[in-house]
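These are my notebook entries on one structure. I record below what I looked up, entry by entry.

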Amino acid sequence: MSEPDAAPAGSAPASSNLVMRVLAALVLAPLALVLAYAGGWLWALLVTLASIGLFAEWLTVVGAAGSVVLTASGTAVLAIMGFCVAFGALKTAVITGLVGGAIVTLLARGMLVWAATGFAYASAALLASILVRQDPVNGFAALMFVLLVVWATDIGGYFAGRGIGGPKLWPRVSPKKTWAGAFGSFAASLGVAGGFAACGIGKAIPLLLVSAVLTVVSQLGDLFESAVKRRFGVKDSSHLIPGHGGLLDRLDGFVAAILVAWIIGFLRHGVHSAGSGLMVW
């Protein structure tokens, strides 16, 4: 999620945008938290729908949304993957993704690379988000940790960028982002790690290190999405979420963070215990 345009602190556009962001968050955040707590097929359903939305918006950004067959094929494959992984058929989900992804890529014709990248992006978001939560012991804690680190990264960056301003982080890719915002994001994410450790959920040092990695990855995910939009001359991926733009604009950091979180957990405790691999050191 991008930082706001530089504007006077009391300006009407900035204040209006902040109000819309807060209202949207008050509606969407509780829904995400309730379904994350419920887990199982309910969380898988939300993740699958979001992943389908990510793929559809990606096609819109890169100018390939006009192909109904391409959009429908990608939607069908992601839906099957979500159903399979939700009910324990991970190998089937992966095979479906590989075969279906190849078909989707071929259907894109002149945009093979962009279609393949978009499908891989949505598929990775789907699999990692469900698999982290599926850990029966620490899945919910791990998912909450990632969500809160990403949210803290966004909020810290928003207020530090708006309140302090200063030199731009990477103006050619994202002209709104500042170094102050980046450091604000980093500090806020460390606060999340400290809070978890204080509550006895994980050890302080490992969680601080993991949160540092995830906040950097989250910001890189944001920059990646900004670079894609700039490549195609697009401001927002859609206008689905008031004050935030589209799902790509809202979830760019989360997609990168949850994928890296799952990789860390997988390397430590295996496919089905990634949550424990992330939280237990």
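**Entry 1: G63.** I asked whether G63 is buried or exposed. In this predicted model, G63 has a relative accessibility of 61%, and I therefore recorded G63 as exposed, since the cut-off for that word is over 50%. I located G63 in the loop between helix 2 (40–61) and helix 3. I also looked up its separation from G156: the two are 93 residues apart in sequence, and their C-alpha atoms lie 33 Å apart in space.

**Entry 2: helix 3 and helix 4.** I next examined how helix 3 (residues 68–86) is placed against helix 4 (residues 90–107). Their axes come within 8 Å and cross at roughly 175°. Because this angle is over 145 degrees, I noted helix 3 as roughly antiparallel to helix 4. Which residues make the contact? From helix 3, I listed V69, L70, S73, G74, V77, I80, M81, C84 and V85. From helix 4, I listed L90, T92, A93, T96, G97, G100, V104 and L107. When I sorted the residues of this contact by type, I found eleven nonpolar, six polar and no charged.

**Entry 3: cysteines.** C84, one of the helix 3 residues in that contact, has a relative accessible area of 10%, so I recorded C84 as buried, the limit being under 20%. C199, by contrast, has a relative accessible area of 62% and is exposed. How many disulfides does the structure hold? I found zero. For reference, I noted that a disulfide is a covalent bond between the sulfur atoms of two cysteines.

**Entry 4: S129.** I found S129 in helix 5 (residues 112–134). Its relative accessibility is 2%, and S129 therefore counts as buried. What is S129 in contact with, leaving aside its neighbours within four places in sequence? I recorded W43, V47, F254 and I258.

**Entry 5: helix 7.** I checked the length of helix 7 (residues 179–198), which has 20 residues. From its first C-alpha to its last, helix 7 reaches 29 Å, close to the 28 Å expected at 1.5 Å a residue. I then looked up its buried residues and listed A180, G181, A182, G184, S185, S189, V192, A193 and F196. What covers these buried residues includes helix 6 (139–163), strand 1 (168–170) and strand 2 (174–178), together with helix 8 (204–231) and helix 10 (274–279). Finally, I noted that G200, just after helix 7, takes a positive phi of about 80°.

How values were computed: Residues numbered from 1 in each chain as written. Predicted model: local features only at pLDDT ≥ 70, side-chain atom pairs only at ≥ 80, totals over all residues. Heavy atoms only, no water. Disulfide = S-S within 2.5 Å. Buried < 20%, exposed > 50% of the residue type's maximum accessible area, 1.4 Å probe, protein only. Axes fitted to C-alpha atoms, helices over the stretch in contact; angles between N-to-C directions. Helix = DSSP H or I, 4+ residues; strand = E, 2+ residues; numbered from the N terminus. Parallel < 35°, antiparallel > 145°, perpendicular 65-115°, else oblique. Contact = heavy atoms within 4.5 Å. Nonpolar A, V, L, I, M, F, W, Y, C, P; charged D, E, K, R; others polar. Expected span 1.5 Å × (residues − 1).
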